Amino acid sequence: MTKKKLSSKTHKNKKSKLHRKTGKAPGTVTYMGKREGAASRVTIINYNSSDYEVHKADSVEAAIKHQKPAMLQWVDVVGISDEKFVENLGTHYGLGALVLEDAVNTQQRPKIDEYENYIFGVFQMLYISDDNELVAEHVALALVKNGVLVFQELEDDVFEGVRERIKNKAGRIRNRNSDYLFFALLDAIVDNYFVVLEHLNTRIEALEEEVYENPRQEVAHKIQELKKDVLKVRRWIFPVKELLSRLIDSESELINKDTKMFLRDALDHSIEINESLQIYREMSMSLMEMYMSNMSNKMNEVMKVLTIMASIFIPLTFIAGVYGMNFDNIPELHWEYGYFIVWGIMIMIFIIMAIYFKRKNWL
Amino acid sequence: MTKKKLSSKTHKNKKSKLHRKTGKAPGTVTYMGKREGAASRVTIINYNSSDYEVHKADSVEAAIKHQKPAMLQWVDVVGISDEKFVENLGTHYGLGALVLEDAVNTQQRPKIDEYENYIFGVFQMLYISDDNELVAEHVALALVKNGVLVFQELEDDVFEGVRERIKNKAGRIRNRNSDYLFFALLDAIVDNYFVVLEHLNTRIEALEEEVYENPRQEVAHKIQELKKDVLKVRRWIFPVKELLSRLIDSESELINKDTKMFLRDALDHSIEINESLQIYREMSMSLMEMYMSNMSNKMNEVMKVLTIMASIFIPLTFIAGVYGMNFDNIPELHWEYGYFIVWGIMIMIFIIMAIYFKRKNWL
Amino acid sequence: MTKKKLSSKTHKNKKSKLHRKTGKAPGTVTYMGKREGAASRVTIINYNSSDYEVHKADSVEAAIKHQKPAMLQWVDVVGISDEKFVENLGTHYGLGALVLEDAVNTQQRPKIDEYENYIFGVFQMLYISDDNELVAEHVALALVKNGVLVFQELEDDVFEGVRERIKNKAGRIRNRNSDYLFFALLDAIVDNYFVVLEHLNTRIEALEEEVYENPRQEVAHKIQELKKDVLKVRRWIFPVKELLSRLIDSESELINKDTKMFLRDALDHSIEINESLQIYREMSMSLMEMYMSNMSNKMNEVMKVLTIMASIFIPLTFIAGVYGMNFDNIPELHWEYGYFIVWGIMIMIFIIMAIYFKRKNWL
Amino acid sequence: MTKKKLSSKTHKNKKSKLHRKTGKAPGTVTYMGKREGAASRVTIINYNSSDYEVHKADSVEAAIKHQKPAMLQWVDVVGISDEKFVENLGTHYGLGALVLEDAVNTQQRPKIDEYENYIFGVFQMLYISDDNELVAEHVALALVKNGVLVFQELEDDVFEGVRERIKNKAGRIRNRNSDYLFFALLDAIVDNYFVVLEHLNTRIEALEEEVYENPRQEVAHKIQELKKDVLKVRRWIFPVKELLSRLIDSESELINKDTKMFLRDALDHSIEINESLQIYREMSMSLMEMYMSNMSNKMNEVMKVLTIMASIFIPLTFIAGVYGMNFDNIPELHWEYGYFIVWGIMIMIFIIMAIYFKRKNWL
Amino acid sequence: MTKKKLSSKTHKNKKSKLHRKTGKAPGTVTYMGKREGAASRVTIINYNSSDYEVHKADSVEAAIKHQKPAMLQWVDVVGISDEKFVENLGTHYGLGALVLEDAVNTQQRPKIDEYENYIFGVFQMLYISDDNELVAEHVALALVKNGVLVFQELEDDVFEGVRERIKNKAGRIRNRNSDYLFFALLDAIVDNYFVVLEHLNTRIEALEEEVYENPRQEVAHKIQELKKDVLKVRRWIFPVKELLSRLIDSESELINKDTKMFLRDALDHSIEINESLQIYREMSMSLMEMYMSNMSNKMNEVMKVLTIMASIFIPLTFIAGVYGMNFDNIPELHWEYGYFIVWGIMIMIFIIMAIYFKRKNWL
């Protein structure tokens, strides 16, 4: 698998990609993702309220020929490292050069831009991989007159539910226009952010338990990893709120008034997600605080053991030392019960110390 | 009891609910609460300035037939897991599908939306259960022309005072329109947030005492729990301020100018509540700080005991050790009062050390 | 004395008061202060540029009869637990029910509301009591056409200077209208906030010294108390800035353009006070930080003493122990000057260790 | 010297001044500075593009008679504790009572107010005294039709450069109007804030070194002093940005469009200064953090020494103790090389421990 | 090399520069950079869609004579310490005195100002030097009707890519107007900020590893250095976002609508860079937190070793001490196997203690 994991390794990728980019003229379509060399494959779903057909294509020409005037078209491009392919296909649908540059720029910040004949958006699909890693996948959506173009990096995506609904005529999707499809895809992306929240929440809860039960150094490490993940996820999700809000206020003819009502719903969700992320951020900070306090506790405990052992036995050892001296004239040494008296004194000291520490709540 | 408690367990619920939802088409009315399977019961209160009647109904048909043109109607639906029931009833009163989806979505963020013929709001009622737990219960309110619809999860609610006032003709409620009833319900929800503030305040005060008197690890744990509760409560209460403010600025014909004056009062309260929460948040952070400082204090005390014991007895033990050596030629050993002189020296050292530590304020 | 002190006990009061309130209809005039049962007394000051008279009254009727058309009237109601009294008097001067509810609600957040015939404001007078406690007293002001109504809880207030100026014809107060009196009272309230700042500043300075000289646990406790007081005072003072600013922008005919110039001055002061509070907040946080760092220092010192004593005497004791062994064959024991050589070695070790610790700056 | 130093002692001054003020009517010109009793002296500079003259005056009458219609006039009043003097002079130039109150109120927050015939501003001149203390001096500027009035507390100021430029016909100052002089004085004040930044920067750098080299308690103390100074300086400088910005947007006829271009430059500087202060604030917080981490480091080092000494010698002492026992039957004691074998064992233990600690990187 | 490194030494430079400036009249063109005395050299690139020529010049006259009406001109001035040179050249192209002052003021905050005939901007070029230091170089850009003027301090810059594109007719640059060249230069500056982000990111990652593996004091030092660098870089980059946004909204005729589309792209990048810097800031704070927690961990480990050693051997030494006493009557001493029994007891104690510490997870 070559998915983008939220690990520090992706940064090295980013570096080299950036270097590849720096110096090129703006508007040069340059792939900056991580699946270099894989061919682009296109899946085309044509549908209207009565008909439905699915086509696969490996070339731009093959893809284009499936366009049909009376049907809405969802063109789903998987694999965007073939920059020429994306450029040709996009140009066919009327997308500009700067836009196509963003479509293949996997480092692009989420954005929605309106143009005269189309609306173009870039997002990060976030989902949990089979090996429980948080995966971020760049996806670009373009709403054109009679359809939606999707550019994604990998086979996996979060649109399976939308495909099902189109296929099964579920909900209203088959009776509505391309703007509803555009919304449905956005909605699927936003809905999946909730899954990421759950993933983060599960990690927080697990760490909470570990902090209380066994605050080792690895736990602190994991907390820091969590904090970093929350920061990164937040960075991708945070702009979405603003983008949706702008889309709702947009006066573009491409978006129907009815659809805006649904977009408002998605906006609500994205606000909720951002608030949750904020809470997770504060909770991860609390976790670190808790970790430090538990560390202090452990330390206190260690010191108490040392103090109790030393405070009890050092004076006793001193007494034993006194009667181990070799002075000619130590009268006590010659008392018949001297040894036993000393034992008595030592036991008394022991008991007094024990009571003292008990009173201090150290035992 | 199946109330929603502010514990981490609700999160697991949330997860599974969310999974149930993900993939469905937007606008599908899906119950996401925690009392699965319980039937919906409707209580209908019809009233005007002179008359007053209460009806119970178990089916939508039974509920609908109690509508009377000359009376205001408060339709109170308890139990919203029967999605069909809610959908039918809501549709009868003219509520849209997306709105009804929010009505049964117990995870919905507080919101107020205005539509042409009705105003719809979602809130969290917060109250303290009999076993002193903080309970959050989802409630949806819809203001329609001649009445108010309430959708709540459980029998318990915070509207008992409103019912009393309607029944006893107390205050102005019987002489006013449905918008006043809507306000009265909102006001009851907001007023009850003060009770939550008291609950939090009591916990803060209790923790303050515990921190000073016995800063054990459980106290740190409780402080963190408090911080989390403040965060969560704040999340539910924070939007209310904004929502009320928007309602006051609204130009909907459903809301009378007089009622806005009362809404302004509720807005004042919600601002005050938010400020208190902010203060509680800072106080809970101070608590943790105080806890850490008291831990440090304890540690200091432990270390002082160790240092005093060790500093006094280790040199004395050394002296005893010296005269325990077996050299053939140790002149002091043969002095008549050698033993007593050594004791004198040791007592002097002891006194000097004690004075030294006294001066350092360690004793 | 029954003044409201900034102690945690007021919270319990608040709780019971709130409970008393919850469930009543909005607009029910309910006293929520702390001097239950005390009768209301009214002091009426009538004045114009030439004449001046003071009247006392115990009943609403007695108070009302002192109204004179050609004179400005300052009606000062002390003791607001008699809700009926306040309601009757207020209604006579044209104040609404919701407004009178706020007048007796001692928990009311500072506010200024404009109505057609009057302007109504609620504030907290803050002053230092004789036993050096910070006292907060609820006060409500209503500016009506020909005078000002004041509702306060206790005899003590911050208006003595205003009374003097009216009596002595000092400044411009006798030649101006009721809006200037209203401003003069506001100004007196705001000016007294400076006294509170001094009180807080004095505490901060005292704590600073204590932190450096004797960082005991009580100091940390006092710092936390200070932080809480700053938070609470800030909560009462913070809204005043905004309120004055709105009053200056108001288009009410009750407030003269000249008076607004003075209000701008009061606004300046309230901004300055808020900035000072912000600085005090940061300084109290620094205090805690300083306390923790001094605690660490003390700890370091304690540990150094222990380490020095142990590091010097443990090796020496070991050497003494070696020559206390009872082996048949220990050649050194039989050397003539063995004992003295060992002493020499031990003194050398002592000196080396002392130099080592000196170099490390531990002595 | 009686300059205002940024020390805690000024606060006591402030207190008594404030008390002196509280209770007086607004608009009463009351000096609140620290050079009580010093007489006011006036320096008058008359100039136009061709002529230039300097006059000194000790009385208002003497000052006024130097006014000349064809020349711009800079009236510089040093010493503002003689309130009558300031009031008379100010009134002559048309300044209002509230404005003159601010002119002598040395605690006044920075402000710029526009009136019909003049523009009035209050600032704090900040400069470094000869004994390297940060000095804040209150200064009030009034731009009138044909000149500028300056009210300052002390002889020292930051306007020497402006005087030179007027005298030497340097730059454009002689050819421009009074608004340019007003700007030039503002610019001198703002430019001197850079000197304060340098002073703070030098202290930060010195503290950084001290923190790394010798983190004693005094360093923590100095860091806290620095933090307090940054807070206070920021409080005086922060409003300047806003004030200049408002002045640029002002429509007063007193300020020429050309001069606004220069004001924009001063605004740029004040923004830069505020950003630097923000950075200094964060750096002073980092300093404290660094101090704490170095303290921890020292502690770690102390503990390591103790642990190493104790861990090595306590077991060895135990072995010596074993062979110091007086049992009749201890076979080892009678071995010929028993003593040497025990030495061998002890040296081995010593070496093993040393290697262990070496491996742990503690040595 | 005399590049400006992000070290504390530049501050001393700044100080003296500032002193040089203070007191001069505003609008005096004063160089404030670090390459005092170096002569200015000018490189002139003339181009249009068909032609391209490069000229070098050492004097203003030589530079001016290369101006050609039908070609766009990029005038690149390297070395700005010769203030007269800059002033003459700038004046020739119509730039004002205040603008030229900013052009040579290397401490100038980033800004873009629009004038009637030109647009002027100041930025900091950030790049990584060959010895891996972060270098900040002041650059000023002026967009005039038929070209762009660049004023930079050093030979090195970030414009090499732009020169290549002009030379090789790459992209659209040869076919567009001077505003596109202006954009291309801005874009090159912003693109290079990504390189700085990578540099910071690499340092963060390296420090993360060091913190986990070897948290010495130098690491804390490096973290603080990183924090300071992030603060400083942020200060230079932060205003760029706002400036570009204002440029896009500008109504200047100098900037074409098409070019604004490209500027929007650069704006996107600058937003992204600011967000990254914000994340780096939080990550550097986390690093310090992690460092402190690892320090605590180390301390805990040290204390455990001490506690285990002391707790085991002090009681054993005590027992040995007891049987080293010289009482006449100690029965155990005369038991045949007394010595061995005591060994047994001591071994038992040892085992019990070991099990105890094992259970506590300290071993």
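Hi everyone. A residue is called buried when its relative accessible area is under 20%. With that cut-off in hand, take E:Asp191, which comes out at 14% and is therefore buried. One thing to keep in mind throughout is that this is a predicted model.

Where does E:Asp191 sit? It belongs to helix H6 of chain E, the run covering residues 178-213. If you look from E:Asp191 to E:Glu209, you move 18 residues along the sequence, and the two C-alpha atoms are 28 Å apart in space.

Let's go over to chain D and look at a strand. Strand E6 of chain D spans residues 134-144, and 11 of its 11 residues are buried, so the rest of the structure largely encloses it. In general, side chains in a regular strand alternate between the two faces of the sheet. Now, what covers E6(D), one face or both? Both faces are covered. On one side you have buried residues including D:Leu134, D:His138 and D:Val144, and on the other side the buried residues include D:Val135, D:Glu137 and D:Leu143.

Who are the neighbours of this strand? Strand E5 of chain D, residues 119-128, pairs with E6(D) in the antiparallel sense, over 10 bridges. As one example of the register, D:Val122 has D:Ala140 of E6(D) as its bridge partner. The two strands make a hairpin with five residues between them, and in that turn D:Asn132 has a positive phi of about 60°.

E6(D) also pairs with strand E7 of chain D, residues 147-152, again in the antiparallel sense, here over six bridges. D:Val144 stands opposite D:Gly147 of E7(D). This is a hairpin as well, with two residues between the strands.

Next, the aromatics. How many aromatic pairs does a search of the whole structure find? Over all chains, there are 71. Let me zoom in on B:Phe183 and B:Phe262, whose ring centres are 5.5 Å apart with the planes at 35°, so this pair counts as tilted. B:Phe183 is in helix H6 of chain B (residues 178-213) and B:Phe262 in helix H8 of chain B (residues 257-322), so the pair ties together parts that lie 79 residues apart in sequence. Both of these phenylalanines are buried.

There is also an aromatic cluster with members from chain C and chain D. C:Phe318 and C:Phe327 are in it, together with chain D residues that include D:Phe313, D:Tyr337 and D:Trp343.

Last stop: the interface of chain B and chain C. Here 64 residues of chain B are in contact with 62 residues of chain C. About 5700 Å² is buried between the two chains, with carbon and sulfur atoms giving 61% of it. Which residues of chain B lose the most area to chain C? They are B:Glu198, B:Phe318 and B:Phe327, together accounting for 12% of what that side buries.

On the polar side, seven salt bridges are found across this interface. One of them joins C:Lys227 to B:Glu289, where the closest N and O atoms are 2.6 Å apart. There are also 21 residue pairs in polar contact across the interface. The elements giving two or more residues to the chain B side are helices H5 (160-167), H6, H8 and H9 (338-359) of chain B. H8(B) gives the most, with 33 residues.

Thanks, everyone, and I'm happy to take questions.

Key: Residues numbered from 1 in each chain as written. Chains lettered and ligands numbered in written order. Predicted model: local features only at pLDDT ≥ 70, side-chain atom pairs only at ≥ 80, totals over all residues. Heavy atoms only, no water. Phe/Tyr/Trp six-rings, centres within 6.5 Å; stacked < 30°, edge-to-face > 60°. Helix = DSSP H or I, 4+ residues; strand = E, 2+ residues; numbered from the N terminus. Buried < 20%, exposed > 50% of the residue type's maximum accessible area, 1.4 Å probe, protein only. Pairing = 2+ DSSP bridges. Contact = heavy atoms within 4.5 Å. Buried area = accessible area lost by both parts, 1.4 Å probe. Salt bridge = Lys/Arg side-chain N within 4 Å of Asp/Glu carboxyl O. Polar contact = N/O pair within 3.5 Å; in protein donor to acceptor, adjacent residues only side chain to side chain.
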